[in-house]
Amino acid sequence: MPAPQQRRLIFAHIDEPGYSNDLACYLRHGGYAVMKQAFARKPEELIDEVKKSGLRGRGGAGFPCGVKWTLVDRKSGKPIYLIVNADESEPGTFKDRCIIHQDPHQLIEGTMISCFANNVKQAYIYIRGEMPHGARILEKAIAEARAANLVGQNILGSNYSCEIYVHRGAGAYICGEETGLIESLEGKRAHPRIKPPYFPAVLGLYQCPTIVNNVETLCHVKHIADMGGEAYTKIGTPNNTGTRIFCVSGHVQRPGHYEFECGRITLGQLLNDVCGGPRPGRTFKAVIPGGSSAKIMRFGERYKGKRKVGAEMVDYDWGVEDVPMDFDSLGMIGTMGGSGGVIVMDDSVNMVEALANINAFYSHESCGQCTPCREGSLWMKKITTRMVHGDAREQDAALLKGVADQIPGRTICAFGEACSWPTQSFLAKFGDEFKNYHEMKKTAAPSAAPLI
Amino acid sequence: MIAPPKPDLVTVNIDGKDIAVPKGTNVIEAARHLGIEIPHYCYHPKLTVAGNCRMCLIEMGTPAMDPATKAPILDPATGKPKINWIPRPQIGCATNVSPGLHVKTDSPMARESREGVTEFLLINHPLDCPICDQAGECKLQEHSTAYGRGYSRFVEQKNVKPKRTQLGPRVTLDDERCILCTRCVRFSKEVAKDDVLGFVDRGSYSTLTCYPGRQLENNYSLNTVDICPVGALTSTDFRFKMRVWFLKQTPSIDPESSVGANTDVWSREGVIYRITPRQNDAVNDTWMADSGRALYKQVKADNRLLAPTLNGAATANEMALKAVANLFQAGSVAIVGSGRSSVEEQFLTRKLAAALQVSAHLVSRVGLGDRILVSADRNPNVRGALVTGLIAALPASQLTALAADVDAGRVKTVVSVGEDLTAAGLTAAQLAKISIVYLGTHKNATSAAAQVVIPTLTVFEKSGTFVNQQFRLQKFARAVPGPAGVNDDLITLAELVAAAGGGIISFELGALWTVIAAEVRPLATVTYANLPATGLLLDATPWAALPFCEGETLHFKPAATA
């Protein structure tokens, strides 16, 4: 079956020749019209539209955005803050950066609509430290919008006022975790908070109710406000509504970002038809479908079970290529849609060495607050680094699994899962390669690229 | 007295046992009520909850509710409420009790979690217990015995961190032993109000350090050593001096101010090695000031008075007492009592004054209060002097009336119970005009000018009681014997009372207290033996109107003055 056409909703103008990131260009393309209409409606209506739309968060967890907004404590009398999570750091993910660089006003419009819907008077865009260019673009875009009275006091005579501030991180993956982000925004070390009691919806920024949404999620809000929640559900598949941006990297002929209706494209279509398949003379070996912390899939394996289609349960028997790229299907087969970063590896890749790379990243990014993640992530890194540098032992595979199993579910934040799932899944899917690595290493030619 | 309102109680089930605890109690404390210890490092009952060590992971469940009727669903087999167990372990420190909460503290899931955490904490730990001062009172050591695997699966290089950082004048840090629990960071910020500690670097390389250009030098810095669950923070003074299991603990009271922080004095073979706080939630929680910990050094000080002297020459006790008796017979005696004496000593001082038919003077000692555990009144027991009737009004810092009496020749002999008369405002010329009987522990200008010096004991070498700023009667016990040949203060005072013609009074604490209880109305029901370890609150109404100098301190608000 041929791949469906891209459905560019968020990325409508990304990489479009002649489209620039200034306000004039955005206005020429109908910018801020949706915001003006939205400001004429009741905030509760907008929240209802988002609820109806079934929009799921695009930051990684896929939590329903409408539910998140409903959980906000609106009775405390404290101000409600909205934070745009632009700390896009998951390896393999590069969608938010494109939006910020090429279409910042789309984000600002989505943010302003969300702020209006939730009666937010102050919003922050927390952008990762490694994106100084993006921060400058956002600053400029907000200044333009403020000058045009699209942000700030008494916006377009609506009596509604809301400010947006850009805050730059200092270069830490953990700042993408919402409570770590909040701590960082408050000027502290980004140590994620314990939940309970510090749920952002109740005790977030400065102990006030706070909404933290991903950049792409807020852009979707703009389109939901435009077309209505009902119409939005027609895009994608039930419970996996809207479009999804896939950032494909690694060993395919045409890596890049592609936007499709959620669940209407399979992984095989994406990799083979859209991205042009493996490099000449190579075959696909493995793919990580949702950013490097998602569990890896091995080409050749089958996923069987029952799934709900409409009202009835249907058997499924999928190869890797048959898996629809949506939250539920990927979750069902034991991995996740995550942030949409699809990392492809072909048969030239040694899985031990790939894992060594991933472990190096996570050990470097563990904040160090709680024990299992802090010690476990570095231990796993030390093991895989030792292995790739020639001191691999047969028992290392079992040891790695033992270490990884002691982390998830026991940490303050989801980083525990993020750092242990790669090791767990690599070992589950490629255990033989790890067991035999010490033998292989005896005869293998030295790696061309320096290893971690 | 108004009874405190009965707290809302919540019944929870821990390891199959039901217990009712006040609302807001966390699971660790609830389990403690049942005698079940949930291991933990970062949690401290007097600090905010950090939840970072993950050692207190337990299995937890709540009663299943029927969504329609909101009634608990009963298990048909047992007839008891069905429990929805949470599939992931939860931390006990950050979980407050809720009605019907069920907890398993030692299920396979809880044990596995603890074993995992223990292994993780040990991989980068230097495992240098044989040379570590914390050994013997180290939580990591204790829990590793219970939850460690006994061998290491870790074959990599351990992380290298600074080994002996001087965080401040009194605290030494070994970063390799640190388990990053943040107790010290939270203490400095929340209790000492001196937010100087924090971490640099990230992940397992996180390193505890002071803010650049600052030091951990506040007067509470050594509490960080007490609460450090491992050997990372050690007392520079105590470091490498003695293994803790050789030390004997004696309950004592910090005599540096009227707060009366409860302490433990740690000694071995008559030598004191350190002083640490003893928990008293009504007085000092689990803290004490650094200044109070250094006081044991006065025991072995070079200027200690070790033998009685008569006109500067060493003499026997009997000769000294005979000389005092002669001075008493000559008449015109004045008594200077002390706010640093114990209640018992003040009672005998009052007896002495009564036998000589004079009233006693007292010297006040006022400094700056720090609003925590050092109050403005630097005498530990001014209120004891009020309670025993040694004085009726608050003392002044200068003995102006006594000086006038000396100048006028109305006073020929002054008995000073440990007070330096020069410091209290008497000039050398005035001292030269009188005969001085000095009872004290250390040499000073008064002991040098005294005709008779009878050495006494420090607070660590005797037993007794103090009345603190809350009018709480608290007892301290003898930790080490006094210098050879030095009598207990009570013996000396009883002998002086006898010499003054006041009759024989027992100097043995138990017997003395029957006399005190009979004569001092506020202490009528007290005996030394039945005094609780956390002290006894006396009725302060008779002295409520006095303008005491204390400001606000931990657990104490001064009475509003008109």
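This passage describes the nonpolar cores, a three-stranded sheet and the chain contact of a predicted model. Local features require pLDDT of at least 70 and side-chain atom pairs count only at pLDDT 80 or more, whereas totals for chains, interfaces and linings use all residues. Residues are numbered from 1 along each chain as its sequence is written, with chains lettered from A and ligands numbered from 1 in the order in which they are written.

The largest nonpolar core (buried Ala, Val, Leu, Ile, Met, Phe, Trp, Tyr and Cys residues joined through C-beta atoms within 7 Å; buried denotes 20 or more other C-beta atoms within 10 Å, with C-beta atoms placed from the backbone) comprises 194 residues. A:I83, A:V84, A:I113, A:Y126, A:L270 and A:V287 have the most contacts inside this core. A second, separate core of 77 residues includes B:F347, B:A450, B:V452 and B:A494.

In chain B, strands (DSSP E runs of at least two residues, numbered from the N terminus) form an open antiparallel sheet in the order β22-β23-β24; pairing requires at least two DSSP bridges. Because β22 (464-467) and β24 (536-537) of chain B are edge strands with a single partner each, one side of each lacks a neighbour in the sheet. Strand β23 (residues 472-476) of chain B is joined to β24(B) by two bridges, and B:L473 has B:L536 as its bridge partner.

The contact between the chains (C-beta atoms within 7 Å) involves 27 residues from chain A and 24 residues from chain B. On the chain A side, the largest share, eleven residues, is contributed by α15(A), a helix (DSSP H or I run of at least four residues).

Notes
A residue is buried if 20 or more other C-beta atoms lie within 10 Å of its own, exposed if 12 or fewer, and partly exposed in between; C-beta atoms are placed from the backbone. Two residues are in contact if their C-beta atoms, placed from the backbone, lie within 7 Å.
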